[in-house]
Amino acid sequence: TAVTMVTPILTPAEIRGGWDTATDAEVVKIEKAVRHIVQAYTGQEFGYFMGEHKVKSIGGKSLRLPSRLINITKFNGTAFAMSNFQITDGGYTLRYNNFDVPPLKADYYGLHMHTGGVIHNPNSVRWREFESGQTFSITGAWGWEAIPEPVKEAAKLLVNDYACADSQYRDRYLVSMTAADWRIQFHSGAYLRTGNVRADQLLSEYVTTRGWGVI
């Protein structure tokens with residue numbers, strides 16, 4: 001039996017705050033639905049994971065990560081100090097730390113030690129890069145230590161939407177409904193992203209594309 005460990009975005013009490021008549025079974029169902037909508041729109045999960053990811057490089061001085069990296073403990077199976085790397089772009093990019101206190105007779109950036117008394121032109125020094133096509137093993141803490149508040153607020157808005165009967169029509173892609181004396185028509189935006197413009201705005205800074213952070 002396969003078991004998936006997840007971090008709920010909302011607690012049962014928070015869900016009932018927007019849907020006070022929900023049963024226990026409905027609370028479980030709505031939490032799962034809202035969580036999957038948020039993950040599908042943002043392209044990431046908001047749990048906490050300690051372990052290994054294998055990342056293929058496209059070359060250059062930076063390595064784009066498939067998930068948000070909090071800290072790194074091992075690189076290619078070898079223990080590394082955080083001082084060897086820079087985690088940038090909100091945790092979605094890893095760079096070699098090429099700046100350090102230069103040792104005696106080293107160049108300005110501390111990249112080379114020389115014994116002959118001559119310091120080379122620093123413009124000719126090649127900084128460390130991630131080789132193109134190579135797969136790197138990165139072990140550390142990934143994800144989020146706590147669910148960001150904007151994500152929680154967006155999820156609460158989606159709970160309210162699901163508590164509304166109109167969501168049944170949107171789930172079936174119905175654009176309009178007409179009766180003898182009334183007519184309901186949905187805007188095309190109701191079928192895009194999360195379907196809630198305020199939730200989209202709250203989640204916009206957390207949207208990623210194939211592991212690339214949009215910062």
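Here is a short walk through a sheet and two loop residues in this predicted model.

Let's start with the sheet. Strands in a sheet pair through backbone hydrogen bonds, and they can run parallel or antiparallel. Here the pairing is antiparallel, with four strands making up an open sheet. Reading across, the order is 1-7-3-4. At the edges sit strand 1, covering 48-56, and strand 4, covering 78-79. Each of these edge strands pairs on one side only.

Now zoom in on strand 1 and its partner. Strand 1 pairs with strand 7, residues 135-143, in the antiparallel sense, and nine bridges join the two. If you want a spot to get your bearings, look for G51, which stands opposite G140 in strand 7.

From there, hop over to the loops and check the backbone angles. Most residues other than glycine have a negative phi. So which residue in the loop between strand 3 and strand 4 should you look at? That would be N76, and strand 3 itself spans 69-75. N76 isn't a glycine, yet its phi is positive, at about 55°. As for its surroundings, N76 is partly exposed, with a relative accessible area of 37%.

D89 tells a similar story in another loop. You'll find D89 between strand 5 (85-88) and strand 6 (93-96). D89 is not a glycine either, and its phi is positive too, at about 55°. Buried or exposed, or something in between? With a relative accessible area of 29%, D89 counts as partly exposed.

Notes. Residues are numbered from 1 along each chain as its sequence is written. This is a predicted model: local features need pLDDT of at least 70, side-chain atom pairs count only at pLDDT 80 or more; totals for chains, interfaces and linings use all residues. Side-chain values use heavy atoms; hydrogens and water are left out. Two strands pair if DSSP finds at least two bridges between them. Buried means under 20% relative accessible area, exposed over 50%, partly exposed in between (1.4 Å probe, protein chains only).
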